[in-house]
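Work through the exercises below with the sequence and the structure at hand. Each exercise gives a task and then a solution in steps.

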Amino acid sequence: MVKRLLKVSLILLLTTPAMAEEVWLQIEAKRSQAEAIEAAQGYDAQIDGVAAYDLENSSWNAIVVGPVERAMAPALRRQLVAAGLIPKDAYAVDGANFGQQLWPVAGRGPSNAPSLGAASAGDPPPALGPAPGTVDETPAAARAGEARLDAETRVALQAALAWAGHYRGTLDGAFGEGTRSAMADWQQDSGLEPTGILTTRQRDQLLGAYKAVFDGLGMEMVEDDTAGVMLELPLGVLSAPRIAPPFVIYEPRENASPAATVLLISEAGGSSELRSLYAAMQTLEIVPETGPRSLEERNFVLTGENDEIVSHTEVRAQNGALKGFTLVWPAGDEDRRTRVLAQMQQSFATLPRKVLPPVTEAPGEPVDLLAGLEVRRPIFTRSGVYVGAQGEVLTALEQLDRCGHISLGSGVKVTVSHSDPDRGLALLLPETSQVPMATAKLAQAPLRPEQTAILAGYAFGGQLPAPTLTTGRLASLTGLAGSEQHERYALDARPGDAGGPVFAPSGALVATLQPRDDLPRRLPDQVNHATGIANIVGFLEASGISPERSRSDSALTITQLDRLAGQVTVLISCWE
């Protein structure tokens with residue numbers, strides 16, 4: 001009855017556009033061609049569109065249903081699984097690694113493609129009887145076969161049950177109550193008698209489906225002595241690696257499916273370098289902006305996803321080095337992506353005292369942490385200063401209304417929680433609570449004219465991992481036009497310094513630098529305006545922030561000022 005219904009609605013598939021991308025549902029994989037042909041014939045008794053192919057660069061042979069339009073494949077899979085006609089772990093493939101067609105044999109003619117047609121109201125529901133591979137042994141015989149399994153196979157069976165969504169226990173090879181329950185669930189979902197003991201044929205079916213996910217991917221253990229990293233990689237779809245510190249980059253092999261990318265990550269460093277790398281990675285095109293991410297003292301995990309790709313990065317700091325990897329995989333291929341990712345995570349190991357050489361810094365040029373990789377560029381960058389215990393940031397307001405979203409140097413997204421156009425100030429609030437290393441202490445009083453002032457800012461955007469210091473002096477307590485909202489400073493600032501803190505020699509915050517406005521006339525390079533301490537205090541208190549005031553007038557050394565600036569100054573990026 002099921003096969004008749006599929007044939008009746010076949011015309012619905014044949015009317016799809018000729019140029020639509022076609023895929024197949026891979027429902028089983030067999031080691032021998034004879035087994036593949038036998039299984040395909042069994043499926044063909046109940047489903048149209050069944051074929052068997054040997055798989056290139058593999059010792060396996062695939063049993064598939066199709067072809068169908070890619071957009072229709074998920075619904076077809078759900079229908080056939082619900083009817084008990086194919087295993088639950090069937091998945092879509094593009095046929096790129098299909099070799100010789102083993103079945104139907106030449107001269108028999110192609111089998112009809114499957115369809116998604118619904119049964120009419122008068123038709124009985126499809127039978128949920130067992131699919132090919134039903135019980136071929138008694139429970140006693142199956143248990144006797146189990147006793148002969150080696151430890152590796154027993155663990156592999158548990159892993160396959162976990163992958164199929166039935167087992168959540170430890171992969172220990174012990175077939176206890178949890179494993180038996182998982183086996184029974186798998187049998188039930190496969191239309192088999194739920195005995196909780198897998199027969200020889202059922203074990204082959206489960207392991208075949210589990211291993212078939214890797215068909216054509218060429219999973220191999222890679223030991224990179226230069227990077228000091230070893231793990232399993234899908235070399236069958238990756239090109240030869242190239243080194244661009246801190247990465248070893250494996251790009252997609254030409255015409256490979258899936259089009260995957262892998263980065264091996266290796267550089268000397270500790271927690272500070274880890275934070276810089278975490279921020280830098282989030283500017284890469286291969287790391288979409290949406291997705292869960294976490295940064296801790298000794299490691300980070302960074303996931304990004306969009307309609308095209310899913311990217312997963314994990315890095316840890318240990319023994320003076322950062323080691324990790326990135327896997328970039330096409331969206332919509334979760335079966336293979338999650339299996340490959342799990343294999344990479346499980347096999348990942350580091351080699352001691354081996355790390356990629358540092359990036360060579362040309363004279364006068366900042367270090368590029370992301371050499372050779374395409375990065376997203378913000379509309380503009382500026383500086384800010386931490387003023388609140390939850391990571392609130394004070395910065396200049398001008399042009400923030402151009403931003404689709406705003407992020408801090410660590411990649412944390414922020415919103416403008418309060419603003420004051422007259423004072424030119426904005427308070428940025430992180431979407432997730434952050435605890436900064438330190439917050440600025442505000443001066444008790446403004447500087448006096450001609451006193452030394454120190455500006456901290458990310459003058460070169462995100463090209464340097466820390467803010468730079470620029471020494472100048474307070475020129476006037478009012479702006480050029482006599483404005484009492486702003487003070488005038490004589491110092492050599494760059495656009496990226498805007499919004500950054502101006503410190504007294506004691507390290508107390510005395511002002512926030514404003515962006516330069518040279519219209520309608522150009523000002524001398526040394527002329528810059530800033531919002532003074534009285535206006536900063538008034539703005540913060542109106543925003544609900546109780547700023548901490550400095551109690552020391554003692555001048556700090558340049559080393560102490562540099563350390564303070566690194567703790568309280570933050571890079572701000574404005575994005576489309």
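**Exercise 1. Describe the lining of the second largest pocket.**

Solution. Start with the residues: 28 of them line the second largest pocket, and Tyr-210, Lys-211, Phe-214, Arg-339 and Gln-343 lie nearest its centre. Next come the elements: helix H6 (151–163), helix H8 (200–212) and helix H10 (334–347) each give two or more residues to this lining. H6 gives the most, with 7 residues. By class, the lining of this pocket has 13 nonpolar, 8 polar and 7 charged residues. The space in the second largest pocket is about 680 Å³.

The terms are these. A pocket is found on a 1 Å grid over the protein atoms alone, as an open set of points with protein on both sides within 12 Å along at least five of seven lines; a cavity is a set of points where a 1.4 Å probe fits but cannot get out; lining residues have an atom within 4 Å of a point. Grid points are joined across faces, edges and corners, and a volume is the space filled by probe spheres set on the points. Helices (H or I, at least four residues) and strands (E, at least two) are DSSP runs, numbered from the N terminus. Nonpolar covers Ala, Val, Leu, Ile, Met, Phe, Trp, Tyr, Cys and Pro, charged covers Asp, Glu, Lys and Arg, and polar covers the others, Gly among them.

The model is predicted: local features need pLDDT of at least 70, side-chain atom pairs count only at pLDDT 80 or more, and totals for chains, interfaces and linings use all residues. Residues are numbered from 1 along each chain as its sequence is written, and side-chain values use heavy atoms, with hydrogens and water left out.

**Exercise 2. Find the residues that line the largest cavity.**

Solution. The structure holds 1 cavity of 30 Å³ or more. The volume of the largest cavity is about 40 Å³. Its lining consists of Gln-26, Ile-27, Glu-28, Asp-89, Ala-90, Tyr-91, Ala-209 and Ala-212. Strand E1 (22–30) and H8 each supply at least two of the lining residues, and E1 gives the most, with 3 residues. Sorted by class, the lining of the largest cavity has 5 nonpolar, 1 polar and 2 charged residues.

**Exercise 3. Locate two cis peptide bonds and two residues with positive phi.**

Solution. Begin with the general background: most residues other than glycine have a negative phi, and most peptide bonds are trans.

- Gly-66 and Pro-67 are joined by a cis peptide bond with omega of about 5°; Pro-67 is in strand E3 (residues 61–69).
- From Trp-103 to Pro-104 the peptide bond is cis, with omega near 0°; Pro-104 sits in the loop between strand E5 (98–103) and helix H5 (139–147).
- Asn-319, a residue other than glycine, has a positive phi near 55°. The loop between strand E13 (309–318) and strand E14 (321–330) holds Asn-319.
- Arg-353, also a residue other than glycine, has a positive phi near 60°. Its place is in the loop between strand E15 (349–350) and strand E16 (380–386).

Are Asn-319 and Arg-353 buried or exposed? Asn-319 is exposed, with a relative accessible area of 78%, and Arg-353 is exposed, at 82%. The cut-offs are under 20% relative accessible area for buried, over 50% for exposed, and partly exposed in between, with a 1.4 Å probe and protein chains only.

**Exercise 4. Trace the closed barrel and the helices that lie across its strands.**

Solution. The barrel is closed and has 6 strands in the order E16-E17-E20-E19-E18-E27, with antiparallel pairing. Neighbouring strands of this sheet are turned by 40° against each other on average, direction ignored. Two strands pair if DSSP finds at least two bridges between them. Within the barrel, take strand E18 (residues 405–408) and strand E19 (residues 413–420), which run antiparallel and are joined by 2 bridges. Ile-406 has Val-414 of E19 as its bridge partner.

Now add the helices. Helix H11 (residues 533–542) lies across strand E17 (393–396), E19 and strand E20 (425–430), at about 45° to E20. Helix H12 (residues 558–568) lies across E16 and strand E27 (569–575), at about 40° to E27. Contact means heavy atoms within 4.5 Å. Axes are lines fitted to C-alpha atoms, for helices over the stretch in contact, and angles run from 0 to 180 degrees between N-to-C directions.

**Exercise 5. Identify the partners of strand E21.**

Solution. E21 (residues 452–457) pairs with strand E22 (residues 468–476) in the antiparallel sense over 6 bridges. E21 also pairs with strand E24 (residues 501–503), antiparallel, over 2 bridges. Leu-455 has Thr-470 as its bridge partner in E22 and Val-502 as its bridge partner in E24. In E21, 5 of the 6 residues are buried, so the strand is largely enclosed by the rest of the structure.
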